[in-house]
Amino acid sequence: MARLFILLVISLVLTCISTSWTLSQTKPTLILLETLAQKESHSQFFKILVDEGFQLVYKVADDSTLTLVKYGEFLYDNVVLFAPNVEEFGGNVSPVGIVEFIDAGGNLIVAASSSITDAIRELGSDCGVEFDEDGTSVIDHLHYDASDSGKHTTIVVEPEQLIAAPLIVATRSPILYNGVAMTADSSNSLLLPVVKGSPTSYSYNPTSKIEEYPMALGTETLLVAALQARNNARVTFSGSLDMFSDAFFETSVSRSGLEPVPSGNRQFSRDIARWTFKEVGLLRVSAVSHNRIGETSPPTAYTIGEEVRFSITIEEFISGSWTPFLASDVQMEFVRIDPFVRAFLEPTANGTLEVVFVLPDVYGVFQFRVDYNRLGYTRLQSRTQVSVRPLQHTQYERFIPSAFPYYASAASMMLGLFLFALVFLSHQDSAKSKKD
């Protein structure tokens with residue numbers, strides 16, 4: 001009996017340890033490289049990821065053992081693709097497989113260069129990004145760095161060319177860029193132009209004479225683009241692999257007539273990695289409640305015209321922990337087919353957002369609906385279904401003031417009938433004489 005008890009205690013302890021280890025375990029981040037030498041040329045960027053707490057797994061992009069999924073489950077949360085020259089991915093990885101990884105909620109950073117293959121081009125096309133032809137570069141004859149070789153392809157990105165979204169890019173320092181141009185599919189509303197070209201930039205082969213209209217010109221030229229899918233998976237495309245290199249991290253930006261300043265590539269890369277891998281801008285709903293005023297629990301059904309309180313707790317992931325998100329622009333809609341009530345939620349002292357409103361004079365099946373979609377944040381959706389019934393026969397007013405004229409007309413009719421009957425019954429004709 002004692003031995004059985006000891007075995008039971010040991011199994012319980014092992015189960016608890018296994019459960020806690022499983023809950024604390026996070027999937028690693030896959031780094032796909034052209035050659036393992038890129039671990040040295042881009043070491044500072046990878047160090048940024050390690051400092052942020054990511055566990056990195058390095059693989060060559062054409063490794064025959066490469067796989068993203070095993071036993072129906074994806075092995076990684078994030079993928080960094082630094083292999084613009086890969087002709088074909090190794091193992092069972094393909095552009096279609098990477099898109100499936102995104103559809104499953106995975107996050108992806110892709111860096112290309114002027115030498116780009118069809119595999120990377122196909123992946124970008126599946127996400128709504130079109131890369132220019134192989135051998136082309138972004139050229140800017142006015143905004144180039146002093147270290148440029150004379151082709152004006154090492155360009156300087158000014159702060160005003162960055163997206164105005166501190167959650168995505170907080171840095172406002174000039175950035176060095178050398179790579180291929182991109183354009184966005186105009187029908188894809190999910191794409192974000194993180195870095196645009198200057199009005200004097202264009203895309204072409206720097207060694208060829210311009211004989212046709214460039215694919216990308218001016219501010220239509222995309223240098224860095226981001227995508228947040230409807231499942232909140234995040235993807236970032238950069239046309240420049242050099243943006244993330246140690247050389248661009250350590251160099252200074254030297255513009256004509258201006259003093260050299262440190263490049264903002266390090267901070268830009270850190271911002272992009274943190275946003276893409278959901279270290280910032282991550283929201284969740286932790287609690288939803290609704291009740292009648294004066295009560296604390298939700299009823300089985302509401303009645304038209306009742307005063308209702310709706311509250312929701314939204315949290316934001318900041319510095320590794322969830323904190324209350326008390327924005328003043330969150331709206332609640334009370335919807336049947338169309339919204340009958342739309343109101344802003346007000347922050348409260350206990351960290352929730354709430355609103356008090358009167359139910360419409362319409363019965364049916366309704367939803368408390370919260371849709372929050374702001375630049376840089378994950379999309380937040382909350383649906384809570386309730387029933388609204390009409391008044392019971394005992395809940396109607398006994399006498400309605402607006403019906404008093406009808407009450408008076410009915411009473412006058414009854415009084416008139418009573419008087420007529422009284423007169424008719426009490427009246428007696430005079431008796432006729434025999435002579436008549």
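Biologist: Hi! Which residue does Glu158 form a salt bridge with?
Modeller: Glu158 pairs with Arg255, and their closest N and O atoms are 2.7 Å apart. A salt bridge here is a side-chain nitrogen of Lys or Arg within 4 Å of a carboxyl oxygen of Asp or Glu. Glu158 sits in the loop between strand 9 (155-157) and strand 10 (175-177), and Arg255 in the loop between strand 16 (252-253) and strand 17 (261-262), so the pair ties together parts that are 97 residues apart in sequence.

Biologist: Before I go on, what kind of model is this?
Modeller: It is a predicted model, where local features need pLDDT of at least 70 and side-chain atom pairs count only at pLDDT 80 or more, while totals for chains, interfaces and linings use all residues. Residues are numbered from 1 along each chain as its sequence is written, and side-chain values use heavy atoms, with hydrogens and water left out. Helices (H or I, at least four residues) and strands (E, at least two) are DSSP runs, numbered from the N terminus.

Biologist: Is Glu158 buried or exposed?
Modeller: Glu158 counts as buried because its relative accessibility is 13%. Buried means under 20% relative accessible area, exposed over 50%, and partly exposed in between, using a 1.4 Å probe and protein chains only.

Biologist: How many salt bridges turn up in the whole structure?
Modeller: The search finds 13. Another of them links Asp371 and Arg383, with the closest N and O atoms 2.7 Å apart. Asp371 is in strand 26 (residues 364-372) and Arg383 in strand 27 (residues 380-389), so this pair ties together parts that are 12 residues apart in sequence. Asp371 is partly exposed at 40% relative accessibility, and Arg383 is partly exposed at 38%.

Biologist: Which residues are joined into one network by shared partners?
Modeller: Those are Glu52, Arg270 and Arg274.

Biologist: What does Lys47 pair with?
Modeller: Lys47 forms a salt bridge with Asp51, the closest N and O atoms being 3.0 Å apart. Both lie in helix 3 (residues 43-51), 4 residues apart, which is about one turn of the helix. Lys47 and Asp51 are both exposed.

Biologist: And which residues of helix 3 are buried?
Modeller: Gln44, Phe45, Phe46, Ile48 and Leu49. Their cover includes strand 1 (29-33), helix 2 (38-41), strand 2 (56-60), strand 5, helix 6 (246-250) and helix 7 (265-276). Gln44 is buried at 16% relative accessibility, and it touches Asp246, Phe249, Glu250 and Arg266, not counting residues up to four places away in sequence. Contact means heavy atoms within 4.5 Å.

Biologist: What happens just after helix 3?
Modeller: Gly53 takes a positive phi of about 100° there. Just after helix 5, Gly128 takes a positive phi of about 90°.

Biologist: Nice, so what is buried in helix 5?
Modeller: In helix 5 (residues 118-126), the buried residues are Ala119, Ile120, Arg121, Leu123 and Gly124. What covers them includes strand 5 (78-82), helix 4 (95-103), strand 6 (107-111), strand 7 (129-131) and strand 15 (234-238).

Biologist: Back to phi: which value does Asn232 have?
Modeller: Asn232 has a positive phi of about 70° although it is not a glycine. Most residues other than glycine have a negative phi. Asn232 is in the loop between strand 14 (222-228) and strand 15, and counts as buried at 15% relative accessibility. Ser319 also has a positive phi, about 50°, without being a glycine. Ser319 is in the loop between strand 20 (307-318) and strand 21 (321-324), and counts as exposed at 74% relative accessibility.

Biologist: Changing topic to the surface: which residues form the nonpolar patch with Phe399?
Modeller: Phe399 is joined by Ile400, Phe404, Tyr406 and Tyr407, with about 580 Å² of accessible area together. Patches are made of residues with over 30% relative accessible area and no salt bridge; like charges are joined within 9 Å, and nonpolar side chains (Val, Leu, Ile, Met, Phe, Trp, Tyr) within 5 Å. Accessible areas come from the Shrake-Rupley method with a 1.4 Å probe; for residues, only the protein chains shown count as cover. Phe399 lies in the loop between strand 27 and helix 8 (404-426), and is exposed at 56% relative accessibility.
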